[in-house]
Amino acid sequence: MKIYSTNQIKNIVLIGSASSGKTTLAEAMMFEGKVIDRRGSVDAKNTVSDYTEVEQLYKRSIYSTLLYTEYNAHKLNIIDTPGADDFVNGVISAMKVADACVLAINAQSGVEIGTRTLGRIADRNKKPMVIVVNQLDHEKANWENSIESLKNLFGTRTVIIQYPLTTGEGFNGFIDVLKMKYYTFTDDNGTRIENEIPADEADRAAEYHNALVEAAAEHDESLMETFFEKGELTEDEIRKGLSLGIKSRSAFPVFCASAKKDIGTKRLMDFIINVAPYPNSGNVFTTEDGKEILCDASGPASVFVYKTAVEQHIGEVNYFRVISGTIKEGMDMVNAGNDTKERISTLFATAGKKREKVSELVAGDLGCTVKLKNTKTNHTLNAGTDWKYAPIVFPDPKFRTAVKAKNENEEEKLSELLHKAHQEDPTLIVEYSKELKQTILSGQGEHHINILKWGILNNNKIEMELFPPKIPYRETITKIATADYRHKKQSGGAGQFGEVHLVIEPHTEGAPDTPMFKVEGKEIKLNMKGKEEINLDWGGKLIYYNSIVGGAIDARFMPAILKGIMDKMEEGPLTGSYARDIRVTVYDGKMHPVDSNELSFRLAGRNAFKEAFKKAAPKIMEPIYNVKVYVPSEYMGDIMSDLQNRRAIIEGMESESGFEVIKTRVPLAEMYKYSTTLSSLTSGSATFTMKFADYQQVPADVQEKLLKAYEAEEKDE
Ligand SMILES: Nc1nc2c(ncn2[C@@H]2O[C@H](COP(=O)(O)OP(=O)(O)OP(=O)(O)O)[C@@H](O)[C@H]2O)c(=O)[nH]1
Ligand SMILES: [Mg+2]
């Protein structure tokens, strides 16, 4: 492969809802660029992009795949991404390194929930966008509806460049209102004829053309003037205007295609190469401290790794964008995060599995390398500078499950594999919860986790079992209570003695210290000597007051009493969950001149706390999540009644053109496998996000159940 310079490279990411035809389109692009001489198909499991075993098994993309094609003296880097929500990781990381996205719409359904989700991701990443309405050859294709749904979503940013004369089986071409030509295709391999626009289409074509000219003129004053003067713009002027509109995200040009029949591929690539931003005028890379780095091939060498994958027979492969400078084979670089020296032994341009060795890659190009020692997704490698780029931010998980190895002896190996999986896919999160005593695996959906499970079984012969995760409940109190507890033990030699009198009360942030308690018929006046405010690792606080009078307990025993209290805070008296938001005042007690020691006071503190806690109207609190559900209107009824069964509190609803957004608060305990239910209730057309909000008391009936379950568990042990 020849060496391409920065102004001969374009980087696009293909996005679109599941099965819209991205992988098929990428295949056609590589075919047109002669990177392959035959087109494979997803159904025949022989595309360049979906080359992994698991992708072929499921006949869908699961990972992002870096591809390239060579066209019009340019190298077009294409990242094909999965459309399914579960594998959004591939979209998020690709967005970081591409300069524009190509959004594929399935003409059978127009804008889908997945399209909207991806549109939001493109928005957040400020990515220019070109739209391709695909599958126009399908019998159910409906161009008008597709355009209407696009206009509903993107408004006047929807700029039509092409329209079809017929759709369905007879679809064999389109009118291009930028070129003002009628293109027809004579076979399924992209053989194209350029025709004049038929006379009976002249009016409609002119109408679309005028709309395009106006949309193009809008982005530049001088173009606007030319337009007013002449009532028309030249083809080049339209391109210039669109180029500005694309860059500022105020124009999303719309193209026609049948990826399956290779119709429309060439014009789409022409347009991308002529109009989409070059790497040095698109994506701006900033370092963690906010410095903008110029995409300049003669600058210091610096790359950003956007994806790490483990590939059969090769091991770890790191995919990157050259942010600055020129990377050459054999170059020594330094990892900006961990100072590891890394040698770039070989460089590749890749089209899926097909890797082509290249001697260098310039600023703006995408490629990969192998055999790095300590470099992963989100890392920066430099030669002669110390930049470090702001990392890719991945979405919060939506599915959590507990896991263990079926065979106990393989637990350690499994844990290693899960940590590796996280490095490859940062949206897979694994942690051992000391609190729950479970390994919790989180991801984007049940399918996401099942694919991982399949991979580990298939490649490593380890079977992992999934089961419902425990909920990290919290315990707290709602009333004031006291307890006196004497710990006394006489056994032969030295005895144990410690007596603690304490008061506990609920803690609320900002409430003043209590100078006197009236509790259980007693009046306890306080003489505050010390106060410790402890921020608990698991959220909330413990405030510990020393209010001992007349040396009833030596100051040296106070930390031991606190330790005893913390023992019970860590294993709450109700269900063994963490306790939080409590104030404890130790106001009296007794010592023995010989037998008192730290252990005695620790035990006395612990038991006094436990007794008082049980009298203080204790409550179990549960984690609540803010959940946003995006759902087509027709499924609203089912979704709402399902949410009600999950103890959800609906906070708001918004509807926009056939879709509803439900804002709700749902207890984590009710969210197990929500993604799976939502998907089955809506035939996969809805999606949701969830984020931890706060802790709330559980309803009485739920508390009752939890107490009983804990009692039973205790008995078992
Ligand atoms: N009729 C018709 N079918 C198409 C077209 N493009 C793709 N398909 C079919 O649609 C299905 C999905 O195509 P893919 O290329 O895998 O779609 P994708 O967008 O990559 O799907 P994901 O990777 O799962 O998101 C396959 O059966 C394709 O053969 C097209 O232009 N016309
Ligand atoms: Mg695909």
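**Charges over rings, aromatic pairs and the ligand 1 shell**

The charged end of Lys-75 is placed over the ring of Tyr-68, at 5.9 Å from the ring's centre, and this, like everything that follows, is read from a predicted model. A second arrangement of this kind involves Lys-398, whose charged end sits over the ring of Phe-688, 5.1 Å from its centre.

From charges over rings we turn to rings paired with rings, of which a search of the whole structure finds 19 pairs. One of them joins Phe-304 and Tyr-389 edge-to-face, with 6.2 Å from centre to centre and 90° between the planes. This pair links distant parts of the chain, 85 residues apart, since Phe-304 belongs to strand E14 (residues 301-311) while Tyr-389 lies in the loop between strand E23 (380-383) and strand E24 (399-405). Phe-304 is buried, with a relative accessible area of 0%, and Tyr-389 is buried as well, at 1%. The rings of Trp-538 and Tyr-578, by contrast, have centres 4.1 Å apart and planes at 5°, and the pair is therefore stacked; both of these residues are buried. Elsewhere, Trp-143, Tyr-163 and Tyr-208 form one aromatic cluster.

The surroundings of ligand 1 comprise 20 residues, with Lys-22, Thr-24, Ser-61, Gly-83 and Asp-137 the closest. By class, this shell has 4 nonpolar, 11 polar and 5 charged residues, and its largest share, 3 residues, comes from helix H1 (residues 22-32). An oxygen atom of the ligand is 2.8 Å from an N or O atom in the side chain of Thr-23, and an oxygen atom of ligand 1 lies 3.0 Å from a polar backbone atom of Ala-259. Taken alone, ligand 1 exposes 650 Å², of which the protein buries 90%.

Definitions and conventions:
Residues are numbered from 1 along each chain as its sequence is written. Chains are lettered from A and ligands numbered from 1 in the order in which they are written. This is a predicted model: local features need pLDDT of at least 70, side-chain atom pairs count only at pLDDT 80 or more; totals for chains, interfaces and linings use all residues. Side-chain values use heavy atoms; hydrogens and water are left out. A residue is near a molecule or strand if one of its heavy atoms lies within 4 Å of it. A polar contact is a pair of N or O atoms within 3.5 Å; within protein, one must be able to donate a hydrogen and the other to accept it, and residues adjacent in sequence count only if both atoms are side-chain atoms. Accessible areas come from the Shrake-Rupley method with a 1.4 Å probe; for residues, only the protein chains shown count as cover. Helices (H or I, at least four residues) and strands (E, at least two) are DSSP runs, numbered from the N terminus. Ala, Val, Leu, Ile, Met, Phe, Trp, Tyr, Cys and Pro count as nonpolar, Asp, Glu, Lys and Arg as charged, and the others, Gly among them, as polar. Rings of Phe, Tyr and Trp (its six-membered ring) pair if their centres lie within 6.5 Å; planes under 30 degrees apart count as stacked, over 60 as edge-to-face and the rest as tilted. Buried means under 20% relative accessible area, exposed over 50%, partly exposed in between (1.4 Å probe, protein chains only). A charge sits over a ring if NZ of Lys or CZ of Arg is within 6 Å of the ring centre and within 35 degrees of the ring normal.
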